Amino acid sequence: MSCCKEPRSSWVFPTAMLSLYGFFANCRPAEPFLTPYLVGPYKNISEEQVTNYLFPIWTYSYLALLLPVFLLTDLLRYKVVIVAQGLFLVNNYILLCFAQGLTAMTVLQVNFAIVTSTEVAYFSYIYSIISVRLYQRATGYLRSAMLTGYTFGSFLGQVLVSVAGVSYFCVNAITLGIVSVAFVVSFCLPTPHRGMFFRGETEVPTTQEHHSAAEENTEGAEEESTQVAGGGWCSWNTIAHAGHLLWRSFLQSYSSKQLVYWSLWWALATAGYFQIFNYVQLMWNHIEPSGSSSVYNGGVEAIATLLGAGAAFTIGHVKVTWEVWGEVALGMFSAVAAAAVFLIGLTSSIWASYAGYIIFKASYMLLITITMFQIAENLSMQCYALTFGINNFTAVLLQTTVTAIVVDEHVLGMDIVSQFVIYGTYYAAISLLFMIRGTYTACQHYCRLRLDRESREDTKTEAISSYKFRAGWGYPTALLCTYGFFSSVKPLEPFLIPYLSGPDKNITAEQVNNQIFPVWTYSYLVVLIPVFLLTDYLRYKPVVIFQGVNLLVTSGLLLWAQGVAAMQIMEVFYSVVTACEVAYFSYIYSVVDLQHYQKVTAYCRSVQLLGYTVGSVLGQLMVSFSLMSYQGILVLNLVLISIALVTSCFLPMPQKSMFFHRKQGVDDAATSPPVQTSINETTGEPASNGVMEPQLDRSARTVDREGHERNPEILRNQDIAACNNTASRDTGQCFGVLLRLWREFLQCYSKQLLYWSLWWALATCGYNQTVNYVQVLWDHVGGSQNFAIYNGGVEAVSNLFSAAMAYAVGFTKVNWATWGELALGSFSGLGAASLFLMTFIGNIWVCYVAYVIFKCLYMLLITIAMFQIAADLSIERYALVFGGNNFVALVLQTVITAIVVDSRGLSLKIIPQFIVYGSYFTGITILFLLRGLYTVVSTRSRTNVSQTQREDALKWEVRDEVYKHCNTKPQGARAGRYGDQGANLPKWA
């Protein structure tokens with residue numbers, strides 16, 4: 001009797017039985033042909049019903065069942081749940097074989113959701129019945145048995161369909177027989193006497209001796225000890241103890257930041273994998289209908305599984321420091337997966353789509369193997385089981401959200417091609433996120449290695465370098481650029497007028513022109529100043545997040561809201577988005593040092609412009625090739641904005657701002673305009689305003705946190721200023737800040753800066769008005785409903801040329817102080833001519849070319865104006881001038897909108913509007929041409945007078961030298977020439 005019982009108590013028997021169960025339960029020859037079976041003559045369900053109704057039922061049911069089944073699996077000790085899984089698997093294929101109608105197939109989806117939610121019992125069962133030292137070997141056997149069964153089933157199904165010519169019904173009947181064998185095998189599994197949480201040990205076993213001792217206990221002793229510890233298998237003490245273990249395991253599982261990122265990829269990628277796996281057969285049926293061609297879905301699934309298993313097996317023998325390079329690998333292979341998904345969805349060749357799926361599935365199985373290994377390596381089995389459950393639950397939650405928005409017929413009900421474009425974009429976002437995170441991790445690793453080497457030489461240097469690394473400019477700049485890119489990719493923006501005036505919204509062009517667009521201008525004027533002040537007061541990050549939220553609301557209203565009133569509300573939210581742009585450009589200056597301002601500004605501006613360009617090109621491709629409808633493009637936009645919003649939450653919180661949270665002393669010195677210094681010819685030391693700074697001994701100086709020497713006298717003055725600042729803050733900080741803002745604002749505008757700022761405000765007003773209404777003009781000229789629209793391509797080209805011209809002007813050697821105002825007038829005249837060309841030439845291509853010229857000219861001139869203004873101002877004063885000029889521009893734009901556009905004003909048609917805009921720029925041209933000519937003539941006159949004086953002075957200096965050489969220099973010669981004005985000559989004369 002003992003001889004017969006011995007094998008059953010060892011690890012071999014339960015592992016063998018569970019492996020058999022796994023093989024037969026996953027050997028389903030009919031699964032690769034589910035969609036052809038449902039849409040074919042056997043079930044006669046339409047492809048739209050399968051896509052937008054049936055398959056979402058499985059997702060919703062899976063989400064509802066996953067968490068309860070996870071807890072019941074441990075409470076009921078696994079075997080009962082495995083038997084139940086086998087039973088529901090048998091019932092699944094009974095329904096497939098014999099049930100008819102949409103309702104029966106809905107029940108089928110719920111039934112299959114129970115099957116998939118109980119898969120956790122398959123992987124957890126074996127860990128409750130064998131010792132820890134056998135976990136790796138048993139896991140390998142179970143995983144291999146499952147993959148072997150799946151591969152064999154796929155190959156068998158393909159052979160039955162393609163070679164033997166067996167019908168889909170018979171293939172389902174054969175599958176029913178195979179899973180029935182799995183159901184019978186499940187009864188032979190030994191019943192575990194403990195679970196990992198319910199009736200689990202109070203401490204996690206850690207030593208091999210403890211496991212060996214536990215294995216020697218008899219079944220009765222184990223049962224008795226558990227009863228004593230737990231007080232009954234379903235008692236309150238058992239449940240409370242299980243809850244305690246769950247909470248403790250949860251805290252341990254997500255205690256490491258690196259494990260959190262690995263788990264994040266697990267959840268994100270698994271959600272996308274489930275979605276693609278569920279709908280890929282529909283994609284194949286769309287490319288090449290199963291009723292009119294041979295179907296090779298089974299062979300493709302078999303090859304994909306084999307390659308994925310081979311990649312997962314190979315990765316175990318690759319020597320890589322995954323702690324350093326793992327996140328980079330996640331990003332790179334996710335990019336490969338994204339490209340494969342785009343290939344699946346956009347190709348018209350079934351074989352290319354098959355190849356894309358094989359690449360995608362192999363990439364996912366490779367990465368999920370790495371992820372599981374990295375997470376399991378440092379966790380106990382309880383923690384790993386909990387992490388497995390939570391990550392999969394998060395994945396299903398994300399998948400449910402995507403299904404509800406993208407697939408469900410009650411919301412968007414998108415077609416299958418548009419769905420796969422969304423999935424490809426989803427994986428591209430995952431790739432970008434983890435490439436950034438992986439690059440940061442790798443750089444951090446190598447910086448630590450370098451600091452370790454430096455620490456052997458200088459401990460002080462290590463401390464300074466370590467601080468610089470932690471507070472460096474790279475990490476916040478990368479995150480802000482990621483946010484800027486995804487928030488700027490707006491594929492629908494160039495097609496907003498066709499979308500609003502088309503069948504989706506059915507709003508007339510007059511309503512858009514005279515009732516909807518003016519709301520943005522008025523709202524922008526109202527919120528600009530409050531948002532500007534709140535941005536500084538809240539220290540930028542909350543406003544950046546708030547901008548992302550409003551952008552999400554704007555896109556949501558565009559997608560789901562109907563009517564003129566709803567679109568007016570949308571414009572209000574979008575005005576908040578545009579007002580919050582000041583936070584995007586100001587945030588980075590509060591977290592990086594002054595010496596990095598130019599570099600980070602270039603990055604943030606370039607990435608934002610790149611986002612606009614990519615969005616325009618992407619929208620143009622979608623529209624021109626009919627890849628997605630306008631609503632599908634909006635859903636894609638929602639996904640991109642959601643990525644931007646999530647990214648903004650990871651931005652570091654600034655500790656200071658330019659006005660309300662300003663650090664006195666250090667920041668004032670760092671951000672003040674450069675002080676002109678002279679050089680003392682005796683000592684060679686710099687002197688400010690001709691006064692020498694007292695020299696201090698080097699030992700009397702202090703080193704600040706960045707390693708720069710600071711004068712103790714200056715530090716004492718800074719401390720006094722800080723104390724005074726604290727006192728003033730207590731008695732009314734906000735009033736003091738606002739008063740200082742007003743005083744600095746008045747000091748910003750010198751005579752020359754006033755003219756540059758005047759052009760900025762006037763031209764920006766006209767530019768914004770033109771950009772807002774140019775699509776209405778294009779719609780009027782070309783007719784969006786009967787003409788191929790190229791708005792996106794035009795916007796992309798104009799952005800690229802604008803960026804090139806703005807970049808080129810930085811290398812142009814021109815005395816802008818003399819010729820700048822004349823250039824403003826001349827190029828404004830070209831802009832006015834472009835506007836008149838758009839207005840009076842009834843050709844859409846001429847309109848497009850004229851718009852590109854107009855936008856490039858404005859970007860060229862605004863770059864010159866910004867540079868000229870910023871050259872002589874501190875960053876605080878530049879921010880004030882930036883806000884003041886834009887506010888004046890907005891006031892002017894509001895006046896023009898109210899008079900020219902608004903339905904309660906003149907309510908002009910689009911052609912008369914653009915005549916007004918062209919005349920407006922003509923007025924700017926005349927004003928600045930006259931001012932520029934006056935400046936040039938005045939400068940030339942001053943130059944000629946100075947040249948004459950220099951020539952006269954040089955002539956008399958030569959004469960003095962001649963007299964000195966001849967020793968016959970007449971006394972008072974120069975006084976005779978100049979009289980009493982000789983003292984006013986230059987020193988060298």
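Phe274 is buried in this predicted model. Its relative accessible area is 18%. Buried here means under 20%, so Phe274 falls within the cut-off. Tyr273 is also buried, with a relative accessible area of 11%.

A pair of aromatic rings is described by the distance of the centres and the angle of the planes. The search of the whole structure found 38 aromatic pairs. Tyr273 and Phe274 form one of them. Their ring centres lie 6.2 Å apart. The planes meet at 50 degrees, and the pair is tilted.

Trp284 and Tyr357 form an aromatic pair with another geometry, edge-to-face. Here the centre-to-centre distance is 5.2 Å. The angle between the planes is 90 degrees. This pair links distant parts of the chain. Trp284 belongs to helix H13, which covers residues 257–287. Tyr357 belongs to helix H16, residues 350–377. The two residues are 73 residues apart. Trp284 counts as buried because its relative accessibility is 2%, under the 20% limit. Tyr357 is buried too, at 0%.

Ring pairs also build a cluster. Tyr273 and Phe274 both belong to it. The other members are Trp58, Tyr62, Trp265, Phe277, Phe360, Tyr364, Tyr426 and Tyr427.

Two arginines lie over the faces of tyrosine rings. Arg437 lies over Tyr261, at 3.9 Å from the ring centre. Arg931 lies over the face of Tyr755, also at 3.9 Å from the ring centre.

Notes: Residues numbered from 1 in each chain as written. Predicted model: local features only at pLDDT ≥ 70, side-chain atom pairs only at ≥ 80, totals over all residues. Heavy atoms only, no water. Phe/Tyr/Trp six-rings, centres within 6.5 Å; stacked < 30°, edge-to-face > 60°. Buried < 20%, exposed > 50% of the residue type's maximum accessible area, 1.4 Å probe, protein only. Helix = DSSP H or I, 4+ residues; strand = E, 2+ residues; numbered from the N terminus. Lys NZ or Arg CZ within 6 Å of the ring centre and 35° of its normal.
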